[in-house]
Amino acid sequence: MSEAGARERAVERLVVELGVALQSRGVYPSGHPSLGRSVERAIAAHRAVLALADAPAATTLLAIEGQLLVDRVPVPEDAAWSRGLLLGFERHGLSGLTLLAGLDGAELAAFLDACHGASGPQPSSHVQIGAVGFAELGPGAERGLPGAGRLPPLTRAEELAEGRESFAAVAGRSAREVDRLRSLVAALARAAGGAQLASPRLATVNPGDREFLHGLATALGTLRLARALGVEGDRLQELGLAALLHDIGRLEAGPLGGDAAHRAHPVVGAARLAATPGVPPVAVVAAFEHHLRFDGAPNYPVLDEARGPSAAAQIVAVADTWDTLRVRGGLAAADAVPVLRRRAGTYLNPALVEIFVALIEGGGGRRSCS
Ligand SMILES: [Fe+2]
Ligand SMILES: [Fe+2]
C-alpha cells in the first residue's frame with residue numbers, strides 16, 4: 001500500500017473508532033468493558049495516525065459545516081464512515097478536537113464521560129477542543145482573501161485598533177461605535193476595489209482577537225464579491241458592515257472552536273444587533289441567516305418552516321466559509337477551493353461560489369475606480 005493509502009486507511013479507522021467511542025458512552029456506563037474496548041481501539045487508531053504523520057505531535061479533527069477535516073485534509077464528503085463522528089461532534093457541540101501524542105485510554109475515557117455529563121466536553125492535557133495553534137495565529141497570518149490573499153494596507157494601524165475596540169463595544173450595545181465601524185468598512189471597500197492588495201498592517205491588533213480578524217476578512221471577501229455582482233454605494237457599505245458583524249454573537253455565545261453555544265450565535269448576534277441603534281437591518285438578517293443552507297435543508301438556527309437564506313446572507317456565507325476553511329481549517333487556497341465548491345448547491349449558492357473562485361484565481365470580478 002502506498003504511504004498516502006496507508007494514511008487514508010489510518011485516518012478512516014481513527015474517525016470510525018472515535019465516532020463509535022463517543023456514541024458508546026451514550027449507551028454504556030463509565031467503566032463498562034465494552035466501552036473500554038472501544039476506547040482502546042480509538043487510542044490505537046490515534047497512535048497509528050500519529051506514526052504516519054510528518055509531525056507526529058497531534059491530530060486535529062475539525063468539522064466545518066458538515067465537512068470533516070483531519071489534519072487539514074478534507075475527508076471525502078460521501079464517506080459514510082465519517083458520519084458517526086460528525087454526528088457525535090454535533091450532539092456535543094464540538095466543532096474541533098485535537099488529540100495530542102501521549103493521550104491514553106484513561107484520559108480519553110474521562111473526556112467521553114465529560115461529553116455525556118453536565119459539563120459537556122472538557123479539555124485536558126492531551127485533548128484540546130478546537131485546532132491547536134489557532135488562537136496563536138498572528139496578525140499577519142495569511143487570510144487567503146480574494147485578489148492577493150492579504151488584507152490591504154487600507155488604513156493606519158491605529159484605525160484598525162480602534163475598529164477592534166468598536167467591534168467589541170458593539171457586542172456591548174454601544175451604538176456610537178457603529179459609525180466608527182462604518183468608516184472602517186468604507187476604507188475596506190476602497191481597498192477591496194483596487195486592483196492590488198498588499199501586505200496586511202495589523203501590527204497593533206491583538207493576535208488573539210480572532211473574531212475581529214475573521215470579521216475583517218469576511219467583510220473584505222463580501223465587498224469584493226458584492227462589487228463583482230454590481231452592488232455599489234450605500235448597499236455595498238451596509239453589506240460590508242453586515243459581514244464584519246456577522247459572528248458578533250460569538251463574543252457572547254462562547255469562543256470559536258467547539259462549544260454547545262456555537263449553534264446559538266446567529267440568534268444571539270441578530271438579537272444584539274437588532275437592539276443596537278445605527279445597525280442596518282441587513283446586518284441583523286445576515287447574522288441570523290449566515291448558517292442557513294442555500295438548499296433550505298435543516299441547519300441552524302432551527303426554523304419552524306424550512307427556507308434558504310436571503311441574498312445578502314448568501315454572499316456573506318461564501319466569504320465566511322472561505323475564511324473559515326483557510327484560517328480555522330488551515331487549508332491552502334488550492335485545497336480550500338475544491339472544498340468550497342463541494343458546498344455549492346447545498347450550503348452555498350453555486351453561482352456566487354463560482355464568481356468568488358474566479359476572484360480568488362484573479363480571473364473575474366468588476367473593477368471599481370474608487
Ligand atoms: Fe457564524
Ligand atoms: Fe463566521
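Me: Why does His246 count as buried?
Reply: Buried means under 20% relative accessible area, exposed over 50% and partly exposed in between, with a 1.4 Å probe and protein chains only. His246 has 0% relative accessibility, so His246 counts as buried. This is a predicted model in which local features need pLDDT of at least 70, side-chain atom pairs count only at pLDDT 80 or more, and totals for chains, interfaces and linings use all residues. Residues are numbered from 1 along each chain as its sequence is written, chains are lettered from A and ligands numbered from 1 in the order in which they are written, and side-chain values use heavy atoms, with hydrogens and water left out.

Me: Why is His214 called buried?
Reply: Its relative accessible area is 9%, and the limit for buried is under 20%. His214 is therefore buried.

Me: What makes His214, His246, Asp247 and Asp320 donors of the iron ion (ligand 2)?
Reply: Donors are N, O and S atoms within 2.8 Å of the metal (3.2 Å for Na, K and Ca); water is not among the atoms, so sites may look incomplete. His214 and His246 each supply NE2, while Asp247 and Asp320 each supply OD, at 2.0 to 2.2 Å from the ion. Asp247 also coordinates the iron ion (ligand 1), and the two ions are 3.7 Å apart.

Me: Why is the site of the iron ion (ligand 2) called irregular?
Reply: Four donors count as tetrahedral if all angles lie between 85 and 135 degrees; four count as square planar and six as octahedral if opposite donors are over 155 degrees apart and all others between 65 and 115; anything else is irregular. The angles among the four donor atoms here are 78 to 173°, and the site is irregular.
The pair His214 and His246 links distant parts of the chain, 32 residues apart: His214 is in helix H7 (residues 210–228), and His246 is in the loop between helix H8 (233–244) and helix H9 (250–253). Helices (H or I, at least four residues) and strands (E, at least two) are DSSP runs, numbered from the N terminus.

Me: How do you know that strands E1 and E2 pair?
Reply: Two strands pair if DSSP finds at least two bridges between them. Four bridges join E1 (residues 58–64) to E2, and the two run antiparallel. Leu61 has Val70 in E2 as its bridge partner.

Me: What makes both faces of strand E2 covered?
Reply: In E2 (residues 67–70), Gln67 and Leu69 on one side and Leu68 and Val70 on the other are all buried.
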